[in-house]
Amino acid sequence: MSSPPASSGELVEDQEGWIHIGNKRKEPPSPAWKATQQLQQVLISPAGSTSGETPETAAGAGQAAGSARVEKRLEKKRRKAEEKREQPSFAFDTAGFKRQSRLGINEVRDLALHISADGTAKQWLNVKHRSHIAHTLFILVPGLIPEHLGIPAPSLSQILPFPIALPAASSNTLPAPEDRLPVFRQLFSHGLPTRAPGDAQRLYSPAQTVLNAPVPPNEKKRREKEREKAGQAAAKAPKLSPRSFLLDIEQMRDNGYPLPSWLDGKVSLPEFPSLVPPSASSAGNEDVGEAVQDGEPEFVLGEDGWLETPQPKGGETGELRVLGMDCEMVMTAAGPTLARATIVDFYSGAKILDELVKPDARITDYVTRFSGLTAALLDPVTLTQRDLQRTLARLLTPTTILLGHSLESDLKALRLRHPWVIDTALAYEHPRRAPYKPGLKWLVRKWCDRDIQVGENGHDAEEDARACVELLQKKLEHGRSFGSFPSDNESVFVRLSRAPPGPGAGPGAVGRTGAIVDYGQPGQWHGAKAKTAVGCKDDDEIIQGLIDTIDEHDFVYGRLMELSNSLGWSQTSSDPPEAPINTATSTTPIPPSTTPAPLPAAAPTPPDTTLSTALASLNARIARLHEALPPRTALIVLSPHSDPRPALALNARRLRFQELYKAAGGKTQDVPEEDRFSTEDDRRLVDEAEKAKWGMAFFCVK
């Protein structure tokens, strides 16, 4: 192989089509090095003589001792030279970029599995001395864009690696590009354009793509044989409680659940108290208004019209309370509005509450084919939503678990912020898996062998609430895997555990080990299969966690979020904006937003001081991390996507229009003009989604 190119502003290939990663050019041997090699050849002879001198001239004891010292020094140099020759390195192979599109994040993940486990080699990157790589560190840095590196953004059609050297100023009148992240130029010479996962209109989770990989064919066959031998249906599931299916705070935020204000800025829910299921004699005996016990914190009915569950005091004892819930809505002059709420007790089956609600605004459409409501039912009603909220404040407790299907829509309709929820749309799998969600009617037909929501009289809220109760009972009876499909994917940490032990593994080691260092409680979510899971509150804790875990694990994953937060790309509010419901999971229209979402303009730029501080901190953290890494550690830094906000805003408008269009009986003219989504809007959405999928990856070996 010819010498690697020096770092420059151009993409330079050697004679074999390789782009070498890193900034240190391999210089030709110096005269001193050649002299040392010649001396070594003289002193270490094939005949086994310990010096290059003849036996006749090496008879003196002093001369022999001197030769031994020289040989020892040269042996040390030889070992160092050998270690240097075996130093792992990366080099892009331009012949390996055969597709006419950017590499997906899954390709970067598969490269990491090739380095750290048993994945196959990638044609686009040559890994020299792979067996000598002791550790692999994979870091996600959302928010990092070419502008932060002081270089122009490559085009969306760019598929080959691009140099990240600062371009020279074009004239004396234009300032030279600002070097805000010099550590990247010290560690990397090129960036690789990547593409985030998603469909034509949406982005999917990059973290899920990185941390889950297809099951290898040989492992898939082994699992199929095991299922046939043991009988999957005969497997005895462990005893589960409804609390086993509670959503965590990240799931609630990702799915648009309104959260109590006391969870603002929190990265996890408090620990749920150890309550026991009620006895058969006591379940369902209480009346509305008797659930709240003396001394429990009171619910807050705010001036904004929302009812908020208070924070539990801690140490609660007593019986576990689980309530199935469903709501129906009608169309009013103000938009979709709550008109019925039904609650049933999970343990006793008793109907706890079933109330019709009089909307404040004039009803324009009863949406009978979905809601089951008519003018005859609602005309005599006098109960207002405020009255219903007061009833709920007496019925619920700070530890009541609410159960429903796509329950975020019901909570928004009720204007209720509650932290403890079970969502059957998430507890059960769609055949195509996330981000798709199964519909309630399909779930009941598939797993309960009966039909609901039949006929022309619309849905029955009580029927839907009881269907959710039955689905949860099936989970408790048959185990967590009930309602799931044999997965073609598995956690990368499971994949690691099957790989042969890595370099430096101690005696008796089995498999390879992985760690995850992330915000919140990663051990309860995407890091459940990792050997070590470290929960953090900020990027400084992330860096320290990576430093603390890398030496004892073969593969470590971490995520730095400060830059993304400073750009406004990450949603951290505990009360997320109302998002339209997926039409595949619910037929209930969304509550109206106070103002229609505007067409997205150019993404706002954060104050330069905020961005500059975030970039300076990122630079210092990456430098500190690299300095602390053990030798022969592969470092992969991935910026998974570009600004997602324009696509998210257009998607919210699109989904809202779909719900309003459906509620209007398929009549576009009955949808308010400001809520309509045109063909031009749809084209803009596709364009913005494609722009948002542009990312970049960086590779080096310490």
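This section describes the overall composition of a predicted model, followed by strand β7 and its surroundings, a small sheet, and the cysteines.

The protein has 702 residues, of which 47% are buried. Its secondary structure amounts to 20 helices and 23 strands. Among contacts with a separation of 6 or more, 73% are between residues 24 or more positions apart. The exposed surface of the protein comes to about 33,900 Å², and carbon and sulfur atoms supply 51% of this area.

Strand β7 covers residues 190–195. Five of its six residues are buried, so β7 is largely enclosed by the rest of the structure. Pairing with strand β3 (residues 103–104) is parallel and involves two bridges; here, glycine 104 stands opposite arginine 195 of β7. Strand β6 (residues 162–163) is also joined to β7 by two bridges, but in the antiparallel sense. Within this pairing, proline 163 has histidine 190 as its bridge partner. With strand β23 (residues 694–701), β7 forms four bridges, again antiparallel, and threonine 194 is partnered there by glycine 695.

Histidine 190, a residue of β7, has a relative accessible area of 6% and is therefore classed as buried, the limit being under 20%. Its side chain makes a polar contact of 2.8 Å with the side chain of serine 189.

Helix α3 comprises residues 105–116 and includes isoleucine 105. This isoleucine is buried, with a relative accessible area of 1%. Beyond its neighbours within four places in sequence, isoleucine 105 is in contact with Arg195, Ala196, Pro197, Pro206, Thr209, Val210, Leu638 and Pro640. Between isoleucine 105 and glycine 695 the C-alpha to C-alpha distance is 8.7 Å, although 590 residues separate the two in sequence. Glycine 695 is the residue of β23 that serves as bridge partner to threonine 194.

The loop between β7 and α5 (206–211) contains glutamine 201. When neighbours within four places in sequence are set aside, the contacts of glutamine 201 are with Asn651, Arg654, Asp682, Leu685, Val686 and Ala689. With aspartate 682, the glutamine 201 side chain forms a side-chain polar contact of 3.0 Å. Asparagine 651 lies 450 residues from glutamine 201 in sequence, yet the C-alpha atoms of the two are 7.3 Å apart.

An open sheet is formed by three strands in the order β9-β10-β16, with mixed pairing. Strands β9 (300–301) and β16 (416–417) occupy the edges; each has a single partner strand, so one side of each is left without a neighbour in the sheet. Strands β9 and β10 (residues 307–308) run antiparallel and are joined by two bridges. Leucine 301 has leucine 307 of β10 as its bridge partner.

No disulfides are found, the count being zero. For cysteine 448, the closest cysteine sulfur is that of cysteine 468, at 10.0 Å; because a disulfide requires sulfur atoms within 2.5 Å, this separation is too far for a bond. Cysteine 448 is buried, with 11% relative accessibility. Cysteine 327 likewise counts as buried, at 0% relative accessibility.

Note on methods:
Residues are numbered from 1 along each chain as its sequence is written. This is a predicted model: local features need pLDDT of at least 70, side-chain atom pairs count only at pLDDT 80 or more; totals for chains, interfaces and linings use all residues. Side-chain values use heavy atoms; hydrogens and water are left out. Two strands pair if DSSP finds at least two bridges between them. Contact means heavy atoms within 4.5 Å. A polar contact is a pair of N or O atoms within 3.5 Å; within protein, one must be able to donate a hydrogen and the other to accept it, and residues adjacent in sequence count only if both atoms are side-chain atoms. Buried means under 20% relative accessible area, exposed over 50%, partly exposed in between (1.4 Å probe, protein chains only). Accessible areas come from the Shrake-Rupley method with a 1.4 Å probe; for residues, only the protein chains shown count as cover.
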